[in-house]
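Biologist: I'd like to learn how to read a ligand site and the empty spaces in a model. Could you walk me through one?

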Amino acid sequence: MSGERLAIDGGEPVRREMLPYGRQQIDAADVEAVVAALRSGWLTTGPAVEAFESALAAATGAAHAVAVSNGTAALHAAYHAIGVGAGDEVVVPAMTFAATATAVLHCGGTPVICDVTADTLLIDPAAAEAAITPRTKAICAVDYAGQPADHAALRQVCARHGIALISDACHALGATSGDRRVGSLADASTFSFHPVKPVTTAEGGAITTDDGELAGRMRQFRNHGITRDHRSRAAGATWEYDVAEAGYNYRLSDVQAALGTAQLARLDAWTTRRRELAARYHAALRDVPAAAPLAVRAGVQPAWHLMMIQLDLASLRVDRAHVFRALRAEGIGVNVHYIPLHQLALYRSRADCVRTALPVADAAYERLLTLPLFPAMRDADVDDVVAALAKVLSAYAR
Ligand SMILES: *Cc1c(COP(=O)(O)O)cnc(C)c1O
């Protein structure tokens, strides 16, 4: 491998066509389900939405699932339902997608950004506890890369302070912690069904919870704050309804829900395949000392939404940006998840959101790369990625 001319310097790339970091899988059953929904006469808020909610509740082990229009709406609905309003705070980890925090702002609240644990980049329970004030309403744990956060420790922190635990599980559908599935580990868990996530509805989201009252509040919130939906009106033979609050139209359509139910039927098989591919990466990366995968916590089975590595920059002559470009030139669609929240323009100037230095997230960000991982990948694709990494990193070794 070493000594071979890099594609970025005009050499032969490992792959001619770019391998993306993630990709949805749509098969004939999905297409049939969508067509059946289109022909059913119900395009939204109909039986396909209820069927999807039941299937998601079953897949997560939660008592209730509430489908909404996207993962950000799911976070907004969950924060709203637990009572986050003006002046309230929610503690969120620095390593996450922006929506985890912006949905707190949408409620009029303040996201307070805390640091992560160095080896997993999951929310650090001690840092989260240190960020709690009398205004804190919840901690939001992000199951980053598809690995469940330390929910047992976080639950204890939340119980001590009398606050809620929200799980941003947008990466983690299919993951388990002990004998419990993600979606039933927190007071409310949020999911996204964007195409790159574990299952897709094109755009979509949901919240799972065991609390029927919380579920009811989220159903009202997603439907304009209306107190009765069209079904209960029809059942009661009345046109009457009331608007109790300024809700949103965050509904998911039956067309999308039908796609989601068809996708959920393959979740277990896809999760198994993701775990196989992750295991292959872990075995092969033992021979690439300058690239280390994130640690896996004891007792958890990640869903492997993302395959992250951290570069050992001290052993390289170039920075992460250079490695990124060199790997793209080799036809490997690497990515970076994420720029830490407090480095984004929205939060850089907000001392109310960023109250301490966040050195673990800052250091991790400089070294982070996301490698391709999706269920349709072949073993040979993993081998290509690792070969490209070994080629690039050995060329830049100090
Ligand atoms: C994708 C994602 C979201 C937002 O979901 P959308 O469906 O894109 O609105 C929120 N949090 C995390 C961690 C995500 O990965």
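Modeller: We'll take the ligand, then its pocket, then the cavities and the backbone. This is a predicted model, where local features need pLDDT of at least 70 and side-chain atom pairs count only at pLDDT 80 or more, while totals for chains, interfaces and linings use all residues. Residues are numbered from 1 along each chain as its sequence is written, and side-chain values use heavy atoms, with hydrogens and water left out.

Biologist: How many residues surround the ligand, and which are the closest?

Modeller: A residue is near a molecule if one of its heavy atoms lies within 4 Å of it. Here 15 residues surround the ligand, and the closest are Gly71, Thr72, Asp168, Ser192 and Lys197. By class, that shell has five nonpolar, eight polar and two charged residues. For the classes, Ala, Val, Leu, Ile, Met, Phe, Trp, Tyr, Cys and Pro count as nonpolar, Asp, Glu, Lys and Arg as charged, and the others, Gly among them, as polar.

Biologist: What lies 2.6 Å from an oxygen atom of the ligand?

Modeller: Look for polar contacts, meaning pairs of N or O atoms within 3.5 Å. A side-chain N or O atom of threonine 72 is 2.6 Å from a ligand oxygen. Aspartate 168 does this with a ligand nitrogen, at 2.8 Å from an N or O atom in its side chain. Tyrosine 338 has a polar side-chain atom 3.4 Å from a ligand oxygen. Taken alone the ligand exposes 380 Å², and the protein buries 92% of that (accessible areas by the Shrake-Rupley method with a 1.4 Å probe).

Biologist: Which elements give two or more residues to the shell around the ligand?

Modeller: Helices are DSSP runs of H or I with at least four residues, numbered from the N terminus. The elements in question are α3 (71-81) and α4 (99-106), and α3 gives the most, with three residues.

Biologist: Which pocket does the ligand take up?

Modeller: On a 1 Å grid over the protein atoms alone, a pocket is an open set of points with protein on both sides within 12 Å along at least five of seven lines, a cavity is a set where a 1.4 Å probe fits but cannot get out, and lining residues have an atom within 4 Å of a point. A molecule sits in one if more than half of its atoms lie within 2 Å of its grid points. The ligand takes the space of the largest pocket, whose volume is about 320 Å³; a volume is the space filled by probe spheres set on the points. This pocket is lined by 23 residues, with Phe97, Cys170, Ser192, His194 and Lys197 nearest its centre. The lining divides into nine nonpolar, 11 polar and three charged residues.

Biologist: How many cavities of 30 Å³ or more does the count come to?

Modeller: The count is three. The largest cavity has a volume of about 90 Å³, and its lining has 11 nonpolar residues, one polar and no charged. Tyr144, Trp304 and Met308 are among the residues there. The second largest has about 40 Å³, and its lining has four nonpolar, three polar and three charged residues, including Arg23, Lys197 and Trp270.

Biologist: What is special about the backbone at threonine 45 and tyrosine 338?

Modeller: Most residues other than glycine have a negative phi, and most peptide bonds are trans. Threonine 45 has a positive phi of about 55 degrees, in the loop between α1 (28-39) and α2 (47-60). The peptide bond from histidine 337 to tyrosine 338 is cis, with omega near 5 degrees. Tyrosine 338 is in the loop between α11 (320-329) and α12 (345-348).

Definitions and conventions: A polar contact is a pair of N or O atoms within 3.5 Å; within protein, one must be able to donate a hydrogen and the other to accept it, and residues adjacent in sequence count only if both atoms are side-chain atoms.
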